[in-house]
Amino acid sequence: MADISLGGEPRAVDGIQSSYMAQVQRRRLYGGLTLLIFVVLMAAGFNVADSRNAGGFWDGLHQIGDYPAEVLSEAWEKRADLPGLIAKYFPALVETINIAAVSTLIGAIGGLFLSLLGTRGLAKWPRLIPLFRRISDIMRAVPEIVIALVLIFVLGGGPVPAIIAIAIHTAGALGKMFSEVAENADLKPVEGLASTGATWSQRMLLGVLPQVAPNYLSYSLLRFEINIRASAILGFVGAGGIGYELRNAMGWGAGRFDDAAAIFILLFGTIVFFDQVSSRYRNRLTEGQGQ
Amino acid sequence: MLTIDALSKRFGENTAVDAANISVDKPTMIGIIGRSGAGKSTLLRMVNRLSDASSGTITFEGEEISALRGAAKRDWQSRCAMIFQQFNLVPRMDVVSNVLHGTLNKRSTFATMFNLYPQSDIHKAIEILDRLGIAEQAPKRAEALSGGQQQRVAIARALMQDPKIILADEPIASLDPMNAQVVMQALRRIHEEDGRMVIANLHTLDTARRYCDRVIGMRDGRIVFDGTPEQLTTGVARDIYGAGADFSEAATSTEIETLDRAEVREAEAYV
């Protein structure tokens with residue numbers, strides 16, 4: 001048994017070789033067909049999209065650099081004003097970041113409850129798990145901008161509609177991510193706490209949260225980054241913040257491309273800054289536990 | 001043939017390998033022994049160029065290996081196969097594909113993506129598997145195999161590279177005694193029949209004694225012994241392992257036969 005057969009029966013090897021070759025041929029055939037179908041669908045889909053396009057993809061392609069070139073050249077001519085403009089738009093940036101921070105916080109709390117109530121083994125009312133899951137699906141499915149537009153119509157422009165819109169979407173998205181983490185949590189501490197007569201909220205607070213907190217925080221920080229972008233975009237529809245200023249500045253022919261450049265610099269710097277900070281914290285939370 | 005000259009590896013404050021000198025003039029089966037953390041793995045990984053040396057040189061047949069970069073370095077890695085303790089196969093791919101990975105250095109990424117290995121290579125891979133006694137496992141996924149079988153697939157991948165040197169980093173540390181014997185015999189046969197150089201890190205003395213022509217002992221990054229298995233006395237072994245007088249070779253044995261020896265029974269009586 002410990003011996004290695006060096007010769008073996010040549011026929012057996014031939015059989016294995018030919019059956020494996022047949023398998024390889026089949027796999028290559030399937031792979032080639034899949035590739036062919038993919039290429040055909042891509043080409044057909046592109047042609048349909050291009051024919052319905054108002055301008056035409058190929059006609060517009062060479063103009064793709066025109067707008068950035070104009071912004072850059074105009075901003076370069078008035079480069080002396082840039083520091084002043086950056087200072088001018090900084091309060092608007094703070095407003096955008098505040099919208100993102102508040103909505104992330106509210107959304108994370110909402111997501112926490114949705115996730116705990118919608119996870120098998122943890123839910124307070126197991127029969128209602130599908131209900132909470134569908135609620136978080138709906139919150140996730142409706143784009144922020146749609147909720148914001150409706151709310152601006154009802155409540156008027158400003159940061160509050162943006163906060164509510166982003167918080168709703170965040171709660172749905174984080175509820176999904178959180179419940180995936182919670183599914184993998186160890187249920188033994190929960191059972192131990194239940195044996196002492198602890199209530200549901202005590203069991204969750206002491207038995208589940210310590211296990212999942214690093215992952216929850218890490219997802220929330222990721223969401224915060226996404227929400228900064230979302231809150232800047234919502235400014236376009238009148239929710240205040242730096243997005244509103246950007247929309248006013250970036251229109252063609254308004255002669256305010258230096259303002260637009262300053263806002264782009266601020267946005268880019270902010271996103272890089274928070275990306276760096278949060279990735280550092282996320283690494284610490286997920287890898288460097290207990291150090 | 002292979003010359004390692006004053007090779008060192010430092011990780012910050014720690015020195016993992018401290019000025020190692022090894023010279024090999026003909027294909028030999030070499031066993032490197034020592035405690036865990038003695039620098040055995042680091043040494044092998046530097047020879048394969050998986051990690052870079054802090055100082056010193058490695059020369060193979062007149063070519064300075066330690067200075068190679070880019071494609072030349074990968075070409076060296078294809079000539080110097082490595083076998084790992086945890087096998088390091090791709091678990092979800094079938095056995096033959098894993099063996100064919102030995103030819104990756106000669107294939108473009110495009111050909112690899114569409115699984116376009118030549119028929120001759122596929123046949124050769126199955127012949128190598130047959131030589132190692134696991135041809136029947138060819139179409140299975142690597143993860144479905146037992147540890148001993150997976151290690152033989154890893155050896156087959158190494159042989160597919162048609163290397164001059166085979167480096168084996170603790171090849172049997174994850175295996176039971178029976179499979180350990182099969183794997184060590186396979187390595188020995190490759191050495192004897194193909195004339196390839198084999199350098200194996202081993203954690204048990206008797207394996208090194210039984211299968212190797214030359215034994216190198218490492219302790220705290222330094223080479224403290226280099227000689228034939230006969231020169232490796234119990235006293236030398238105690239030095240290598242930093243053990244006291246209660247050290248017995250049989251106590252570290254993974255061979256089945258040694259279990260019958262009286263001294264093991266005594267050792268077990270102490271425990």
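Colleague: How many residues does each chain bring to the contact between chain A and chain B?

Modeller: Two residues are in contact if their C-beta atoms, placed from the backbone, lie within 7 Å, and here chain A gives 16 residues and chain B gives 22 residues. This is a predicted model, in which local features need pLDDT of at least 70, side-chain atom pairs count only at pLDDT 80 or more, and totals for chains, interfaces and linings use all residues. Residues are numbered from 1 along each chain as its sequence is written, while chains are lettered from A in the order in which they are written.

Colleague: Which residues touch the most other members of the largest nonpolar core?

Modeller: In soluble globular proteins, nonpolar side chains tend to be buried together. A nonpolar core is a set of buried Ala, Val, Leu, Ile, Met, Phe, Trp, Tyr and Cys residues joined through C-beta atoms within 7 Å, buried meaning that 20 or more other C-beta atoms lie within 10 Å of a residue's own. The largest such core has 79 residues, and B:Val99, B:Leu129 and B:Leu167 touch the most other members. Leaving aside residues up to four places away in sequence, the partners of B:Leu129 include B:Val95, B:Ile134 and B:Ala156.

Colleague: At what angle do the axes of α6 and α9 of chain A cross?

Modeller: Axes are lines fitted to C-alpha atoms, for helices over the stretch in contact, with angles running from 0 to 180 degrees between N-to-C directions. Those of α6 (residues 144-155) and α9 (residues 200-234) of chain A cross at roughly 40° and come within 11 Å. In that contact, A:Glu144, A:Ile145 and A:Ala148 of α6(A) meet A:Ala230, A:Ile233 and A:Leu234 of α9(A).

Conventions
A residue is buried if 20 or more other C-beta atoms lie within 10 Å of its own, exposed if 12 or fewer, and partly exposed in between; C-beta atoms are placed from the backbone. Helices (H or I, at least four residues) and strands (E, at least two) are DSSP runs, numbered from the N terminus.
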